Amino acid sequence: MTRQLQNESTFATMDHASTFIILGLLFLAGLAADQLGRLTRLPRVTMLLLLGLLMGNAGSGLIPGEVALWFDAISIIALSMVAFLLGGALTKKNLQQHGRAILTISLAIVAFTLVIISVGLVLAGVPPGLALILGAIATATAPAAMSDVIRQSGVVSGFTDTLRGIVAIDDAWGLVLFSLVLILAGQAEGWRLVLSGVLCDLGGAVALGLAIGGLASGLTGRLTPGEPLQAEAIGIVFLTAGLALWLEVSFLIAGMTAGAIVTNFARHHERAFHEIENIQWPFMLLFFLLAGASLDPQVLRTLGLTGGLFMVLRVAARLIGGYAGARIAGVPSAEAAWYGPALLPQAGVAVGMALVAGEQFPHWSDRIMAITIAATVVFEILGPPVALLAVRRVQAETLPEGRG
């Protein structure tokens, strides 16, 4: 018995040792990718994703499969922090200055994406129901990548403020639209069940965010006036994510709602969730590395003409929808053409939609998953550099010294 306990203790020690070694190597590798991104002027998001891809099973296999199992937990933590920060961007001042642009551009991009992709795919011979589903999936963006690109750029302007607001709400529009499309595509007798489920998810997430945000806005920042403590910020983020998962509602929307409430109604600190900005990067670093390790470039081989057309149509829809929405909203002409390119990144929300659609339409499941995952690989790696280019071009065109 004693020897058995000693053996178990030795194995546990080895497991702990390998865990810490892998974590240390991942953080150092992430730091190297960050520095390389600075030298090449590429977004560190793209560098981390590529590094993760090279270190994952699709590459050298340096990241063990067991480590990839951490991805779900790490992604929830990282995305919850992003959700609070994006919600914090929806301040009264920002909404007063850019609210019309945020609402108009986000709705225009979602609508144009659905219409252009659905019509284009139908004309190419894709069944109308499948085309509608793919069009709805294409409306999703990548909150984490967009947030980090804006932060890395160091640009604070009306353009970046509006982008943050758009990213904070466009996935909500996309989820509502996706639920309606599932009903139309299947013309199912259980449409009320599908619609009520989505409404409960969104409504429950908003209600949870309002409840936690209301309590947090009155309690945080009292112990140390001016700033919430780090433990307060982390505690609220983790509590919101945990309750959302327990209640089976969207932790992203719950976090964004809570962040918006705190930043607008808190009276005891100057910058809501400032501490999250200070601690989120290690979690983001692991998130993007493990996201890259989980990507499988082999799915590109199964893409086919339909998948290629899907990506071309999504790019066109973003460009047209972003420009049309910006012109309707009356934003400065120097910004109008760049909202679409800035919103190209796509990530986990789209894959989640694809999984739901695949369960409801098993006869289309393989095509939906193959096209969605392949498009995610492309837009997750190539989207951030285009977004960073858009932010920098708008800054250059709106500054006196940037006008040639």
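Here a visitor asks a guide how some labels on this predicted model are earned.

Visitor: What makes Asp161 and Arg164 a salt bridge?
Guide: Look at the gap: the closest N and O atoms are 3.7 Å apart. The cut-off is within 4 Å, for a side-chain nitrogen of Lys or Arg and a carboxyl oxygen of Asp or Glu. So this pair, at 3.7 Å, counts as a salt bridge.

Visitor: How many salt bridges does a search of the whole structure find?
Guide: Just one.

Visitor: Where do Asp161 and Arg164 sit, and how far apart are they along the helix?
Guide: Both belong to helix α8 (residues 158–186), and being three residues apart, they are separated by about one helical turn. An α-helix has 3.6 residues a turn, so residues three or four places apart point the same way.

Visitor: Why is Asp161 called partly exposed?
Guide: Its relative accessible area is 22%. Buried means under 20% and exposed means over 50%, with partly exposed in between. So Asp161, at 22%, lands in the in-between class. Arg164 also counts as partly exposed, because its relative accessibility is 22%.

Visitor: How do you know that helix α6 is mostly covered?
Guide: Go through helix α6 (residues 128–137) and check each residue: eight of its ten residues are buried. Among the buried ones are Gly129, Leu130, Ile133 and Ile137. Each of these has under 20% relative accessible area, because that is what buried means.

Visitor: Why is α4 called roughly perpendicular to α10?
Guide: Helix α4 (residues 71–88) and helix α10 (residues 230–247) pack at an angle of about 110°, with their axes 10 Å apart. Angles of 65 to 115 degrees count as roughly perpendicular, so α4 earns that label against α10. The crossing of α4 past α10 is right-handed.

Visitor: And what makes α4 oblique to α7?
Guide: Here α4 and helix α7 (residues 143–153) pack at an angle of about 60°, with their axes 9 Å apart. That angle isn't under 35 degrees, over 145, or in the 65 to 115 range, so α4 is oblique to α7. This time α4 passes α7 in a left-handed crossing.

Visitor: Which residues make the nonpolar surface patch of about 250 Å²?
Guide: Leu103, Leu107 and Trp173. Leu103 is found in helix α5 (residues 92–123).

Visitor: Why can Leu103 be part of a patch if it's called partly exposed?
Guide: Patch residues need over 30% relative accessible area. Leu103 has 40%, so it clears that bar while still being partly exposed.

Technical notes:
Residues are numbered from 1 along each chain as its sequence is written. This is a predicted model: local features need pLDDT of at least 70, side-chain atom pairs count only at pLDDT 80 or more; totals for chains, interfaces and linings use all residues. Side-chain values use heavy atoms; hydrogens and water are left out. Patches are made of residues with over 30% relative accessible area and no salt bridge: like charges are joined within 9 Å, nonpolar side chains (Val, Leu, Ile, Met, Phe, Trp, Tyr) within 5 Å. Accessible areas come from the Shrake-Rupley method with a 1.4 Å probe; for residues, only the protein chains shown count as cover. Helices (H or I, at least four residues) and strands (E, at least two) are DSSP runs, numbered from the N terminus. Buried means under 20% relative accessible area, exposed over 50%, partly exposed in between (1.4 Å probe, protein chains only). Axes are lines fitted to C-alpha atoms, for helices over the stretch in contact, and angles run from 0 to 180 degrees between N-to-C directions. A crossing is left-handed if the near helix is turned anticlockwise from the far one by less than a right angle, and right-handed if clockwise.
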